[in-house]
Amino acid sequence: MKRNFIYAALLAPALLLASCKENFIERPSLSGTTTGNYYNNAEEVRAATSTLYSGLPWRNYESRAQDAIGDVMAGNMFTYTDVEYLNFTVSSASERIGAAWGAFYKIIGYSNVMLKTFEEKKAAGGGAYLDPAIAECRFIRGTLYFFIARTWGAAPIITDPGETALSGNFNIPRYLQKDVLRFALEDLKAAEAGLPESDAPGRATKYTAKGMMAKLYLYQKDYANAKLKAEEVINSGKYSLVSDYMGMFTKASMNNNAESLFSIQHQFAQDPWGTGNLKNPDRGASQLRTSEADAWEMYVPSIDMLKEYEFGDLRRRWSVMEHGWSNPAWKPQRANAPKYNAFMANGFVYDTTRTADEGGNLNPTRSNIVKYFAGPGKTYGGEPVMGQNSGNNVVILRYADILLIYAEAVLGTNASTADAKALAALNQVRSRAGLPAKSAITIDDILHERRVEFAFEGDYWFDIQRQGFAKAKAIIEKQNRGTATAASYITNFTEDKMFLPIPAGEIIQDPELGKEPVPYYK
C-alpha cells in the first residue's frame, strides 16, 4: 500500500532551510514561510515532518556510507571500492565519512528548524496538533546524535542553527561522547513522552522511541534501563517477527511490516534522486543486470561472514546468493546473448562454474548479497526496479533487535545466563531461522546471533566497537578479510581506529573540531 504521507510537501522544509558556512549547520532562511501563515493544522505539520523519514535527506548515508562503515569495517562485506574500510586505513578525506556526516547533520538541521518553528507556533497559541510533530523532531534528532556519537565519538551539538548563523561564531567544538549520548537520550525521552501509542504505518510512535532508547542504553552498558525499555516494547504486543525474512528487504509490499519499528521511507521513483532505494545495484549480482535493473556488486559477502552461519541457518539463503541458490521466478534476458538467455530461460540459478556470457559469476568471494536486492526488474519476474532505484524501505530498527537487546541486557556483565525470558527472546529469533533453541547464552552467543541476523544492515561494526578496544581488536584480527583464493588478516588495528575521523573539510572550516573535546553540560 502506498504511503503517501511520507512524500507529501517534500519541499516545505526546503523553504525554511539554507546552507550556511559550516556544512553541518543548517539554518532557517530569513524570509519566506512564517509561523503565522503556515502550520495551522495537523495536515500541514505532518507534511513537513514526513521529510524526516524520506530517503532524500538520508540518501548519502544509506547509499554506501552505511555499508562501508557498518559492514565493510565490521568484516561482513568484501569490496574493491572502499578498501580503506576493509583494511582500516580510513582518512579524514574519505568520501563515505563526508557523506555520512553531511547527511546526519542535514537531517538534524531539518529537525532543528522544524522544532524551533513548531515550538514558536505552540507558544503563540498553536494547538495540540503540534505536540506529536515536536516529538517526531526530537526522536529523529536524538537518533541521529546517537548515530553520530557511535560513529565519531566526540562531535558538535547544534540545537539552534539560526542563532549560530546570526552570531557569526562558527568556532564550534567537539563535545565529549558521553555528553553527545546524554543529549541524544534526552531527545529520545522527550519523544517517548510526546509521541502517540500508534500512528500511520512508518511514523514514529512511543514504542519506536522506547526501542531506540533500549539500543542506546545497551551501547552505554546501562543494562537495567536497556532491559526495561526493550521489555516495554515486547509487552506492548504491537510488534512481531515476520515469517518472510527475505521479503522484509526485497519486497516493497512488506514496507512498514509488523517487525519494523523505524525505517527510512522510499518511493519507487528516480526523480528526485534518492526518492528510491539506491542499494540495489551495489549488491546485485552482475549476471542479473538487465535493461531495467543495474547490478554491479560493489559489495559482496566476506569469506568470514560466510563462515559465521551455523549449519541449517535459513538466514544464509535469505541473505546470501551462493552456488546453487535459485529463484525460478527471475528470468532475465539480454539482447544478442543466446547462451545467457538459454541458461536463464527456466529461472535464475547462481552458478560459479559457468562463464559470464553463459550466465555464471565467479566474483572474489563466490557470493552476492540478497538483502535489498529487488531482482532483475518486473519484466523479468522480479520486483519493480528502475535503473538503480527500487521501492524498498531501509530498515533502521526492527523487532528482532529489541528481542536480542533484551537478552543481552538480562545477561549484563554475567558470563552466561539461563534466564527463561532472555532465552525466550533470543530463541524466537533462532526459531525463525530454523535453528535449535539455546539453553544458556553468553555474550559471544549474542554477538554471533546479532551478526547473522543483521548482516548487511549496517550495524555490526557498532556491536564490535561497543565491546571495548581489547575485544574489538581480538574480533577484527581473527577475521579473514580476503578472497576465496587469497586470505587476508588485519594486523594494524589500534585504538585510534575505534572511531572515524572528522571530515577534513569540516576541520578546515572549523579548526575547533581538530582539538580535544570539551564538556557540553556544565
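Contact means heavy atoms within 4.5 Å. The model is predicted, so local features need pLDDT of at least 70 and side-chain atom pairs count only at pLDDT 80 or more, while totals for chains, interfaces and linings use all residues. Residues are numbered from 1 along each chain as its sequence is written, and side-chain values use heavy atoms, without hydrogens and water.

**Exercise 1.** Find which residues Phe262 is in contact with, leaving aside neighbours within four places in sequence, and place Phe262 in a core.

Solution.
1. The contacts of Phe262 include Tyr53, Trp58, Phe139, Ile140, Met212 and Val395.
2. A nonpolar core is a set of buried Ala, Val, Leu, Ile, Met, Phe, Trp, Tyr and Cys residues joined through side-chain atoms within 4.5 Å; buried means under 20% relative accessible area, exposed over 50%, partly exposed in between (1.4 Å probe, protein chains only).
3. The largest such core has 132 residues, and Phe262 is among those with the most contacts inside it.
4. Helix α7 (residues 130–152) gives this core its largest share, 14 residues.

**Exercise 2.** Determine how strand β4 (residues 260–264) is joined to β10.

Solution.
1. Helices (H or I, at least four residues) and strands (E, at least two) are DSSP runs, numbered from the N terminus.
2. Two strands pair if DSSP finds at least two bridges between them; here β4 and β10 run antiparallel and are joined by 4 bridges.
3. Ser263 stands opposite Val395 in β10.
4. In β10 (residues 394–398), 5 of 5 residues are buried.

**Exercise 3.** Is Glu457 buried or exposed?

Solution.
1. Glu457 lies in the loop between α19 (443–453) and α20 (460–465).
2. Its relative accessible area is 9%, so Glu457 is buried.
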